[in-house]
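Here is a short report for a reader who is new to this structure. Sheets come first, then a helix pair, then a pocket.

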Amino acid sequence: MIAPTPRAIALAALAAPVGLLLALFRPDLWFVAPLWLAVVLALIIYDAMAGAPLAKAGLALTAPPSVGVGEGLALDVAVTTGGVGTPRAAAVAFAVDPLLVPGGRAEGPLVARDAGGVGAHIPLAATRRGVAAIKSAWLGWQGPLGLARKQKSIAIDRSITVVPSIRPVRDEGAKLFARDAQVGQRLAARLGEGSEFESLVRFMPGLDRRAIDWKQSARHTDLLAKQFETERDNRIVLAIDSGRMMSDPVKGEHDGDRDVSRLDRAVSAALTLGYVALRLEDRVSMTSFAARPKRMTREFARLSDFAALRRAAAEIDYAAEETNFTLGLASIGSALKRRAMITVFTEFADANGAELMIRAAERLVTKHLLLFVVMADSELEALAARVPEDESGMVGATIAADLLRDRRVVLARLRRMGALVVEAPAARMAADVLATYVRIKRQGMI
């Protein structure tokens, strides 16, 4: 397809005022206006013929097959121009799924490359999980005069799978095992980091004096201390609320963090906890619930099962209905035959909406260890802390303060009944969940 550029349209439009002036002052030169149009049209035709031909152009697209939600990616485009050099104002555009770019259009200019031809590097960002299709591309450039633009459509059958992000697994998991490399290791377990007796060791400065075994010390005429190891083979259940409130986007604290839904951030934190638990030889299973609960996955017991755990997390879909905590938590409790650590990633609006969640949790906390993970609402905190300047600001600050008070009441009730609660900003949620899990392991709470 060949179309005139804005420059060509502006030159052609000049024929109207030129013709009007000639009609007023020099009617005998009326032919200048149509002659002007004919010259512009001839220049457009020449520019279209002189430009690089699109028929010989080839397009090669390089894109990752999958990307984690909330992470960036780039489309690398290489275009061959048939050896005519770099065309004028060359650009390429793609029709992509809105999962990768708002509006579904990604475009960028084509620049010369050292290897020959032209290319583009188009950055994108994955905002939600799913399969993002790249349907077609438009390639085009202008002629040497900038009066005609050539463009053609190229069909592209490519897709990028947006999966749960494992960036927290790489970052927080590596930090944990670099900092606490002895956690979970049988021969290097320390007092207070487990509940199972492992051996007696000679008491050394730095050990807890409460670990001294006075009876054995008297028998061996040497000061001996008990050494424990971290518990293994515990049951860890990752329960993710996928209801309406979890679909709201949340922006991280660090610069560059994108608006990612609470559900996706919860899935990433759950995968991080699952990875560490598998590495510490615990058994991990995953489930989700909204209006109805989903079937719990099988128990994963080896680190090599992490890929299967990630696939199960990728199947957790966004839901538009309200969460049924009574049915969701009851189904989890009925599926467990022995004590487990149930980690619930959820969100609630106010104290009244969380009443059913509290009642359902009361039935589980007597038999299992419950850990509730919620994201701190930075928007509400900022609104409540802002000094109001008018009546609307006062109303907004008052409502935000009431909602935060109700939130603290709900979390306090959960703690009083014996459940553990982690409330952290989105950027620190995975790290805080891991710190709580390590503390639970060290104290033998499961």
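## Strands, helices and a pocket

Val374 has Glu423, in S19, as its bridge partner. This is a predicted model. The pair belongs to a parallel pairing: strand S18 (residues 369–375) and S19 are joined over five bridges.

**The parallel sheet**

How many strands does the open sheet with parallel pairing have, and in what order? There are five, in the order S16-S13-S17-S18-S19. Strand S16 (283–289) and strand S19 (420–424) are the edges. Each of these two pairs on one side only. From one strand to the next, the twist averages 20°.

Helices pack here too. Helix H9 (residues 355–365) packs on the sheet. H9 touches strand S17 (341–345) and S18. The direction of H9 makes about 150° with that of S18. H11 lies across S18 and S19. H11 runs at about 150° to S19.

**The antiparallel sheet**

Another open sheet has four strands. Their order is S2-S4-S8-S7, and the pairing is antiparallel. The edge strands are strand S2 (58–62) and strand S7 (111–112). Each of these edge strands pairs on one side only.

Strand S5 (residues 88–96) has antiparallel pairings as well, with strand S9 (residues 130–142) and with strand S6 (residues 105–109). The table sets out three antiparallel pairings, each with residues that stand opposite each other.

| Strand pair | Bridges | Opposite residues |
|---|---|---|
| S2 and S4 (residues 72–80) | five bridges | Leu59 and Val79 in S4 |
| S5 and S9 | seven bridges | Ala91 and Gly140 in S9 |
| S5 and S6 | five bridges | Ala95 and Arg105 in S6 |

One general point helps when viewing any of these strands. In a regular strand, side chains alternate between the two faces of the sheet.

**A helix pair**

Now turn to helix H1 (residues 6–13) and helix H2 (residues 15–25). Their axes come within 5 Å. They cross at roughly 10°. Angles under 35 degrees count as roughly parallel, so H1 and H2 are roughly parallel to each other.

Which residues of H1 and H2 meet? Leu11, Ala12 and Ala13 in H1 meet Ala15, Ala16 and Pro17 in H2. The residues of this contact divide into six nonpolar, no polar and no charged.

**The second largest pocket**

Empty space is the last topic. Rolling a probe the size of a water molecule over the atoms shows where such space is left.

The second largest pocket has a volume of about 340 Å³. Its lining has 18 residues. Arg262, Glu347, Asp377, Glu379 and Leu380 lie nearest the centre of the pocket.

Which elements give two or more residues to the lining of this pocket? They are strand S14 (249–250), helix H10 (378–385) and helix H11 (391–416). The largest share comes from H10, with three residues.

What is the chemical make-up of the lining? Its residues divide into nine nonpolar, one polar and eight charged.

**Linking the parts**

H11 appears twice in this account. H11 gives two or more residues to the lining of the second largest pocket. H11 also lies across S18 and S19. S19, in turn, is an edge strand of the parallel sheet, and Glu423 in S19 is the bridge partner of Val374.

Conventions:
Residues are numbered from 1 along each chain as its sequence is written. This is a predicted model: local features need pLDDT of at least 70, side-chain atom pairs count only at pLDDT 80 or more; totals for chains, interfaces and linings use all residues. Side-chain values use heavy atoms; hydrogens and water are left out. Axes are lines fitted to C-alpha atoms, for helices over the stretch in contact, and angles run from 0 to 180 degrees between N-to-C directions. Angles under 35 degrees count as roughly parallel, over 145 as roughly antiparallel, 65 to 115 as roughly perpendicular and the rest as oblique. Contact means heavy atoms within 4.5 Å. Ala, Val, Leu, Ile, Met, Phe, Trp, Tyr, Cys and Pro count as nonpolar, Asp, Glu, Lys and Arg as charged, and the others, Gly among them, as polar. On a 1 Å grid over the protein atoms alone, a cavity is a set of points where a 1.4 Å probe fits but cannot get out, and a pocket is an open set with protein on both sides within 12 Å along at least five of seven lines; lining residues have an atom within 4 Å of a point. Grid points are joined across faces, edges and corners, and a volume is the space filled by probe spheres set on the points. Two strands pair if DSSP finds at least two bridges between them.
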